[in-house]
Amino acid sequence: MRKIEAIIRPERLQDVQDALDELGVSGLTVSDVVGCGRQKGYTEQYRGARANISLLPKIKVESVVPPGVVDAAVEAIVGAARTGEIGDGRVFVYPVEQAIRIRTGEHGEDTVMHEEAEGWGH
Ligand SMILES: Nc1ncnc2c1ncn2[C@@H]1O[C@H](COP(=O)(O)OP(=O)(O)OP(=O)(O)O)[C@@H](O)[C@H]1O
Ligand SMILES: [Mg+2]
């Protein structure tokens, strides 16, 4: 298993989420974060104005997926998050040792495989 961590523009979240849903990605975690890349934040635009601040608001999306889904998921995220302007974000991929579904005690890759949707709230 791998964890995909994507730091994206907040306004691209819905498209990124939709793209991952289409792949049947079984879950994700989303956090509000601040950060900077190569330009240290200074040359990026924020809400239409040139913002003289070093940390800009971004969204972090984390999803643990089976190995066979990593490339497609990264491609989906990049495609949905890109505007072509600086500050579009970054994607990092990490190895994951183990995954456990707390309710059932299941372990391993099966817990992050594509499954039939169980509906909202599951
Ligand atoms: N090396 C890094 N380590 C951890 N987080 C990073 C790193 N680089 C960028 N980030 C995170 O990604 C966000 C977006 O980075 P950004 O898109 O500006 O990267 P970049 O490499 O400067 O690319 P670009 O030249 O397109 O702006 C940052 O605000 C920060 O949260
Ligand atoms: Mg940058």
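In what order do the elements of the protein run from the N terminus on? In this predicted model, the order is β-α-β-β-β-β-α-β. The secondary structure thus described comprises two helices and six strands. The protein has 122 residues, of which 30% count as buried. Its exposed surface amounts to about 8,200 Å², and carbon and sulfur atoms supply 50% of that area. When contacts between residues at least 6 apart in sequence are considered, 73% of them join residues at least 24 apart.

Strand β1 spans residues 2-8 and is mostly covered, with five of its seven residues buried. Two pairings of this strand were identified. With strand β5, formed by residues 56-65, β1 pairs in the antiparallel sense over seven bridges. Within this pairing, Glu 5 is found opposite Glu 62 of β5. With β6, β1 likewise pairs in the antiparallel sense, over seven bridges. Here Ile 4 takes the position opposite Val 93 of β6.

Ile 7 also belongs to strand β1. Apart from its neighbours within four places in sequence, Ile 7 is in contact with Val 33, Lys 58, Ile 59, Lys 60, Asp 88, Gly 89, Arg 90 and Phe 92. Three of these partners, Lys 58, Ile 59 and Lys 60, carry numbers that fall within β5 (56-65). A separation of 9.9 Å was computed between the C-alpha atoms of Ile 7 and Pro 57, two residues that lie 50 residues apart along the chain.

The loop between β4 (49-50) and β5 contains Ser 54. The relative accessible area of Ser 54 is 35%, and this residue is therefore classed as partly exposed. In space, Ser 54 and Gly 35 are 7.8 Å apart from C-alpha to C-alpha, although 19 residues separate them in sequence.

Open and enclosed spaces were examined next. The second largest pocket holds about 370 Å³ of space. Its lining consists of 16 residues, and those closest to the centre of the pocket are Gly 37, Arg 38, Gly 87, Gly 89 and Arg 90. Two or more lining residues come from each of the elements β2 (29-35) and β6 (89-95). The most is given by β2, which provides three residues to the lining of this pocket. By residue class, the lining of the second largest pocket divides into five nonpolar, five polar and six charged residues. Gly 89 and Arg 90, which are among the residues closest to the centre of this pocket, are also among the contacts of Ile 7.

One cavity of 30 Å³ or more is present in the structure. The largest cavity contains about 50 Å³ of space. The residues that line this cavity are Leu 23, Gly 24, Val 25, Ser 26, Val 64, Val 65, Pro 66, Val 69, Val 112, Met 113 and His 114. Of the lining residues of the largest cavity, eight are nonpolar and three are polar, while no charged residue takes part. In the lining of the second largest pocket, by contrast, six residues are charged.

Conventions: Residues numbered from 1 in each chain as written. Chains lettered and ligands numbered in written order. Predicted model: local features only at pLDDT ≥ 70, side-chain atom pairs only at ≥ 80, totals over all residues. Heavy atoms only, no water. Helix = DSSP H or I, 4+ residues; strand = E, 2+ residues; numbered from the N terminus. Buried < 20%, exposed > 50% of the residue type's maximum accessible area, 1.4 Å probe, protein only. Contact = heavy atoms within 4.5 Å. Areas by Shrake-Rupley, 256 points an atom, 1.4 Å probe, with all protein chains shown as cover. 1 Å grid on protein atoms, 1.4 Å probe; cavity = no way out; pocket = protein on both sides within 12 Å on 5 of 7 lines; lining within 4 Å. Points joined across faces, edges and corners; volume = space filled by probe spheres on them. Nonpolar A, V, L, I, M, F, W, Y, C, P; charged D, E, K, R; others polar. Pairing = 2+ DSSP bridges.
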